[in-house]
Amino acid sequence: MEIDQPLTLLGGLSAQQFMRRHWQKKPLLVRQAVPAMVPPIARPELFDLAAREEVESRLIRHGKSGWTLKHGPFARRALPSLKQPGWTLLVQGVDLHHQGVHELLQQFRFVPDARLDDVMISYASDTGGVGAHFDSYDVFLLQAQGRRRWSIGKQRDLRLQPHVPLKILAQFEPEQSFVLEAGDMLYLPPRYAHDGVAEGDDCMTYSIGLRSPAAAPLGADLLARIAEAQAEAVEDAAAQAAVHYRDPAQPALDTPAAMPSALQAFAREAVLSAMRDGDIIDRALGESMTEPKPTVWFDQGEAPSQLNAVALDRRTRMLYDERHLYINGESFRASGRDAKLMRRLADQRGLGPRDLARASDDALALLSDWCEAGWVHAE
Ligand code: SIN
Ligand code: CO
């Protein structure tokens with residue numbers, strides 16, 4: 001992507017300017033970010049997705065008796081009639097299931113892949129919405145069809161309404177309000193309060209959602225992965241090289257239950273020495289960030305005897321760093337020409353005949369394995 005060229009998607013800002021001025025800092029309203037927007041997915045197709053077991057969906061309604069929330073899957077007849085006002089269907093991860101929506105998401109790849117989450121689509125009947133709230137993540141709200149009024153504000157008072165199945169602000173203080181039409185887009189940084197209300201029927205909004213790990217759960221996930229890797233390393237190294245605790249200076253005790261402080265120091269060192277190797281944390285992070293969502297399953301594929309061109313499956317997550325490649329929760333060491341090739345695969349999500357003609361046997365073998373796993377498709 002040309003990161004210094006003005007983009008219609010960003011209202012004439014380049015990706016670089018957008019990241020400097022708005023990203024994680026302040027909202028941006030773009031009229032006709034996607035000119036003459038034709039939604040890549042029509043209502044019946046979206047409703048079909050909401051009926052599927054492996055697709056996460058929610059139905060939110062509000063009326064005289066307050067807010068209600070139901071989790072999918074929803075058969076078509078379980079959804080309210082289109083004429084009934086005040087309801088919203090939210091379908092998560094549509095980019096994983098629909099090629100057109102996946103392609104739309106690619107336009108946002110000026111942000112690191114590690115930060116992109118998914119495209120959630122909301123379908124609302126007249127006056128439908130999910131209430132005034134804030135999210136922990138940045139979001140691009142693209143109006144795909146119909147009209148929606150967004151009210152937004154910085155909001156200092158983050159208290160929520162009690163006894164409501166959704167997170168709804170107790171005292172929303174909107175500062176600005178605008179109606180978005182098909183093709184218009186609103187970027188909001190994390191924790192910026194917002195309330196979107198459909199004006200008229202058939203309102204569809206795409207939330208291009210970001211993700212950013214929270215320190216404590218990320219730490220816990222990485223520690224679990226490191227523990228698993230360490231356990232394997234211990235098995236491989238067999239017991240003969242093991243360094244055991246020794247205490248030739250241990251005096252006799254009349255308090256035998258007391259934990260020896262030297263043993264505590266030995267234990268701390270055992271843990272820290274594993275952590276001091278930065279590589280182990282990098283690997284755990286790469287595996288964690290490319291782990292497919294729990295609902296994603298790949299179908300076994302086939303590797304042709306000769307690879308001419310390959311493309312990543314739209315559900316494949318692939319990242320890299322200086323020493324590794326990460327793909328769908330696994331890591332590989334890579335260096336030299338092969339690393340360069342695989343990085344191109346990750347950035348472009350595909351490789352052409354010219355790239356593959358120069359690929360080493362090792363790289364081709366790896367690509368064949370990934371074809372068989374259904375992570376990569378031969379073209
Ligand atoms: C919606 O599309 O109705 C909700 C999106 C959001 O507020 O994050
Ligand atoms: Co939101």
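Donors of a metal are N, O and S atoms within 2.8 Å of it, and since water is not among the atoms considered, sites may look incomplete. In this predicted model, the donor residues of the cobalt ion (ligand 2) follow the sequence spacing H-x1-D-x58-H. The protein donors are NE2 of His 133, OD of Asp 135 and NE2 of His 194, lying 2.1 Å from the ion. His 133 belongs to the loop between E5 and strand E6 (139–145), whereas His 194 is part of strand E10 (residues 193–198), so the pair ties together parts that are 61 residues apart in sequence. His 133 has a relative accessible area of 13% and is therefore buried, the limit for that class being under 20%. His 194 counts as buried because its relative accessibility is 3%.

The three donor residues of the cobalt ion, His 133, Asp 135 and His 194, also appear among the residues around ligand 1. The surroundings of ligand 1 further include Met 120, Ser 122, Val 130, Leu 141, Arg 148, Trp 150, Thr 205 and Ser 207. Polar side-chain atoms approach the oxygen atoms of this ligand at several points. For His 194, the distance from a polar side-chain atom to a ligand oxygen is 3.2 Å. For Arg 148, the corresponding distance is 3.5 Å. An N or O atom in the side chain of Asp 135 is likewise placed 3.5 Å from an oxygen atom of ligand 1. Ligand 1 taken alone exposes 260 Å², of which the protein buries 94%.

Helix H2 spans residues 43–50, and its buried residues are Leu 46, Phe 47, Leu 49 and Ala 50. Viewed down the helix axis, the buried residues of H2 fall within an arc of 155 degrees and so line one face of the helix. Pro 44 and Asp 48 are exposed and sit on the face of H2 turned away from the buried side. The cover over the buried residues of H2 includes four strands, E2 (57–63), E4 (87–91), E5 (116–124) and E11 (203–210).

Within H2, Leu 46 has 0% relative accessibility and therefore counts as buried. Apart from residues up to four places away in sequence, Leu 46 touches Ile 41, Val 91, Val 94, Ile 121, Tyr 123 and Met 204. The C-alpha atom of Leu 46 is separated by 9.6 Å from that of His 98, a residue 52 positions apart from Leu 46 along the chain.

Helix H3 (residues 99–106) has Val 101, His 102, Leu 104 and Leu 105 as buried residues. These cover an arc of only 155 degrees around the axis, which puts them on the same side of H3. Strands E5, E6 and E11 are included in what covers the buried residues of H3. An α-helix has 3.6 residues a turn, so residues three or four places apart point the same way.

Asp 313 is located in the loop between strand E12 (310–312) and strand E13 (318–320). With a relative accessible area of 7%, Asp 313 is buried. The side chain of Asp 313 makes a polar contact of 2.7 Å with the side chain of His 377. Beyond neighbours within four places in sequence, Asp 313 is in contact with Phe 298, Arg 349, Gly 374, Trp 375, Val 376 and His 377.

Notes. Residues are numbered from 1 along each chain as its sequence is written. Chains are lettered from A and ligands numbered from 1 in the order in which they are written. This is a predicted model: local features need pLDDT of at least 70, side-chain atom pairs count only at pLDDT 80 or more; totals for chains, interfaces and linings use all residues. Side-chain values use heavy atoms; hydrogens and water are left out. Buried means under 20% relative accessible area, exposed over 50%, partly exposed in between (1.4 Å probe, protein chains only). Helices (H or I, at least four residues) and strands (E, at least two) are DSSP runs, numbered from the N terminus. The arc is that of the directions from the helix axis to the C-beta atoms. Contact means heavy atoms within 4.5 Å. A residue is near a molecule or strand if one of its heavy atoms lies within 4 Å of it. A polar contact is a pair of N or O atoms within 3.5 Å; within protein, one must be able to donate a hydrogen and the other to accept it, and residues adjacent in sequence count only if both atoms are side-chain atoms. Accessible areas come from the Shrake-Rupley method with a 1.4 Å probe; for residues, only the protein chains shown count as cover. Donors are N, O and S atoms within 2.8 Å of the metal (3.2 Å for Na, K and Ca); water is not among the atoms, so sites may look incomplete.
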